[in-house]
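Subject: Structure handover

Hello,

Here is the structure I said I would pass on. Please open it next to this email. My notes come after it.

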Amino acid sequence: MSAPDARIGVYVCHCGTNIAGTVDVPAVRDFAAGLPGVVVARDYKYMCADPGQDLIKKDIKELGVNRVIVASCSPRMHEPTFRRCLQLAGLNAYYFEMANIREQVAWCTADKAAATKKAQALVRGAVARVPYHEPLEERTSPVCPVTLIVGGGVAGIEAALKIASSGNKVWLVEREPSIGGNMARFDKTFPTLDCAACILTPKMADVGRHPNITLLTYSEVLEVSGFIGNFEVTIKKRARSVRHGVCTGCGVCYSKCPTKVPSEFDVGLGERTAIYVPFPQAVPNVPVIDREVCRQFTKGKCGICQKVCPAGAVDYEQQDEIIKEKFGVIIIATGFEVFDPSLAPQYGYGRYPDVYTALQFERMTNASGPTTGRVVCRNGQEPKAVAILHCIGSRDKNYYPYCSRVCCMASVKAAHLAKEKSGGAEIYEFYIDMRTFGKQYEEFYNRVQEEGVHFIRGKGAEVIEKDGRLVVHAEDTLLGLYREVPVDMVVLNTALIPHADAGRVAQIFNIQRSQDGFYLEAHIKLDPMKTATEGVYLAGACQSPKDIPDSVAQGAGAAAEALQRIVAGEVVISPVTCAIDADRCAGCRMCIPLCPYTAITFNAEKGVSECNEALCKGCGTCVASCASGAARLKHFDQRQLLAQIEGVAAS
Amino acid sequence: MTTPETFEPKIVGFLCNWCTYAGADLAGVSRLKYPPNVLPVRVMCSGRVEPELVLKAFWEGADGVLISGCHPGDCHYIEGNYKTLRRKELLDRLLEQFGIEKERLRLTWVSASEGDLWARVVTETVEAVRRLGPLGRTRDRLQSCDGILAADLPAGGCCHGEHPAAEGGGTGGR
């Protein structure tokens, strides 16, 4: 069945011992040498290294090899490497095929003989397939030089400023009324005890006034279509009910508003009004009316804010705005939310008023927070003893199995602040392991130990109320004792978890999630910013729990990824697209509604369907439904796949 | 004599590039061991898997076929996997008409992060097909499909009539 002109070279890689440790590489090589059309079969220690690639180039030149198969790792790893190698030797890149005998054979098969047999089958599939390969040319497409950043926390802010400062345009879309994210809630940051606002608000203000940044707060991305270089994005800008550009940010409106509701920014500890800015340094400093609770909207009468606004900025008639815009690249920086500890009822959260989450405690310690920075119990008294519990929801297979990474240091910081801001309370930390991994982190931990904080190695098991105080139960695993520690306040350091709507957001941007629910990076070690969707990058805690330094670093990294695309000006588009043979098309139009990209249209004059290859992404769904075999997916056409099946399944 | 214990089923796996193929790679990277019986064929989307490919696998002697794509809603091509899901229903009926148990064709969703799930899916599928036993005499059953399933169709077949190795063939001096 092999085409007479195919001169196939097969190269079997040892990958050190990665493959050769399980697969009998010489046996695979000898097996390949005997297959039809194979003119040369070799093995080499590392095919991806220069000498390995040189073997291929030499055989192309000297032996007239015109089809190349490398049996090595996953094509997701080195297919681009070898395609380039073919191009350098003057052969079309699509005359290449890879047999994945590492990830999908050597590494996953226990039995050596079985692994060798499977490797041979995969090589036979590739050998059967390549004669039917055809030369394909990659196309290029221009990149719209505008970046969309979703999420205005510290990672999104950092990315926005980096790109804007390079002279390129950025749109920053934030769901909340202000940018700043979770960092804006904090009072101090570890390990230096830098004031969070002092280091964050200048960056927020820079974003607000940067001529290259278009800031859309109180807005959400609804829909994304297109591809790298040419994303079309639909954004909903929710009605703020206060006119931007007219409002002077004087604050009279919210000082007079009669409606009070729990403040989301203060995590329910404080109150806000119906017309509000979430915190004093908000960017933009333009209030928003919460229409769910505002009397003007719920009861149809009030109008106080409109009356008192000296600028006449309050506008009850304002409507949601739908904005459609083109972007070249997208950075997702949507951050995290925290585990709701009422789901772990043993800790008494929601039952005992003086059990707080760490985020509530952050607000308590913040000078602009609900207690103006004093650590006090609900009764207004300073606590004499505070317990800080680590790993609530984290490292717990009942909830989230992973380590949330920031909590040990956040707890150590909380211990320092609790002591300082409560007038010297006794502080007890209950931990499983202390993970103080970052620069100056261990030193900070030592310092807080020296400040007299009691560190108890053992996870807090339960919080109960006894004689008017809270009692933390835990096993002290260093002393081997069961302990009951009476305190006045308990701080639960809860897990950092993906947003509840992370799944929906992933679908909008066509990205994947890892098993923990955070967004999935292209490679956990070497491509932490990229996703499987070209042109969509990740920054910050939406990828995995991160502290501020790591979020900033990843924000800057994502900006570099985005700029790389923008500066290059064009992207290479895969030639793996569908083509419809007009001679065979019966004009049934079955394929048209199946195409997710509306790439297929009906040519009424010729009575056939036609595929616009600029819109086609190459899924092949139309091909699979074409009754007359007119639709063909290049590089995955029927002949190629039938031959490959024949090859792998032959016994 | 092949007994259920010694029977090693041959299963052709169609893996979508974005989810399951990446998940299978992850299983390997994580060094999860699973039976070698599933022979992967990479497609860009599970939506590409047309009935002929499945029938071809059985024709070539596969005892089972496993199609695996992205979870519903997560398809890299928006909704190709839904098309696969619908096609699977039709294929089930078609296979039964050929006397092939529909349990020999399995459709699963495995994401790029579910290496452990892939290992489990393969293990389960191999066990299920092992219990069914060898398919045998497939070619007899699929007689009526002959012609569609042969890879080397005559010129003018599904490949626009181009000779598959038209370019670059000259370098060999033939």
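Below is what I found, chain by chain, then the cavities, then three residues. Please keep in mind that this is a predicted model.

**Chain A**

Chain A has 651 residues, and 58% of them count as buried. Its secondary structure comes to 18 helices and 34 strands. Along the principal axes, the C-alpha atoms fill a box of roughly 90 × 70 × 40 Å.

Take the contacts in chain A between residues at least 6 apart in sequence. Of these, 69% join residues at least 24 apart.

The exposed surface of chain A is about 25,900 Å². Carbon and sulfur atoms supply 51% of that area.

On charge, chain A carries 72 positive and 71 negative charges. The mean positions of the two sets are 2 Å apart.

**Chain B**

Chain B has 174 residues, with 59% of them buried. It holds five helices and four strands. Read along the sequence, they follow the pattern β-α-β-α-β-α-β-α-α.

For chain B, 81% of the contacts between residues at least 6 apart in sequence join residues at least 24 apart. The accessible surface comes to about 7,100 Å². Carbon and sulfur atoms account for 54% of it.

**Cavities**

The structure holds eight cavities of 30 Å³ or more. The largest has a volume of about 210 Å³. Which residues lie nearest its centre? They are A:E97, A:M98, A:Q644, B:Y21 and B:R42, out of 19 lining residues. So have both chains on screen when you look at this one. The elements that give two or more residues to the lining include α3 (75–88), β4 (96–100), α5 (112–129) and α18 (638–649) of chain A. Chain B adds β2 (38–43) to that list.

**Three residues in chain A**

Start with A:R185. It sits in the loop between β7 (169–173) and β8 (188–189). Is A:R185 buried or exposed? It counts as buried, because its relative accessibility is 16% and the cut-off for buried is under 20%. Leaving out residues up to four places away in sequence, A:R185 touches A:E264, A:F265, A:V267, A:L359, A:E362, A:R363 and A:N366. A:G369 is 184 residues from A:R185 in sequence, yet their C-alpha atoms are 8.4 Å apart.

Next is A:H473. Strand β25 (residues 469–476) contains it. A:H473 is buried, with a relative accessible area of 8%. What does A:H473 touch, not counting residues up to four places away in sequence? Its contacts are A:K459, A:G460, A:A461, A:E462, A:I464, A:Y482, A:R483 and A:E484.

Last comes A:R209. This residue belongs to helix α7 (residues 196–209). A:R209 counts as exposed, because its relative accessibility is 60% and exposed means over 50%. A:R209 and A:V571 are 362 residues apart along the chain. Their C-alpha atoms are separated by 31 Å.

Best wishes

Definitions and conventions
Residues numbered from 1 in each chain as written. Chains lettered and ligands numbered in written order. Predicted model: local features only at pLDDT ≥ 70, side-chain atom pairs only at ≥ 80, totals over all residues. Heavy atoms only, no water. Buried < 20%, exposed > 50% of the residue type's maximum accessible area, 1.4 Å probe, protein only. Contact = heavy atoms within 4.5 Å. Areas by Shrake-Rupley, 256 points an atom, 1.4 Å probe, with all protein chains shown as cover. Lys, Arg positive; Asp, Glu negative; His and termini not counted. Charge placed at Lys NZ, Arg CZ, Asp CG, Glu CD. 1 Å grid on protein atoms, 1.4 Å probe; cavity = no way out; pocket = protein on both sides within 12 Å on 5 of 7 lines; lining within 4 Å. Points joined across faces, edges and corners; volume = space filled by probe spheres on them.
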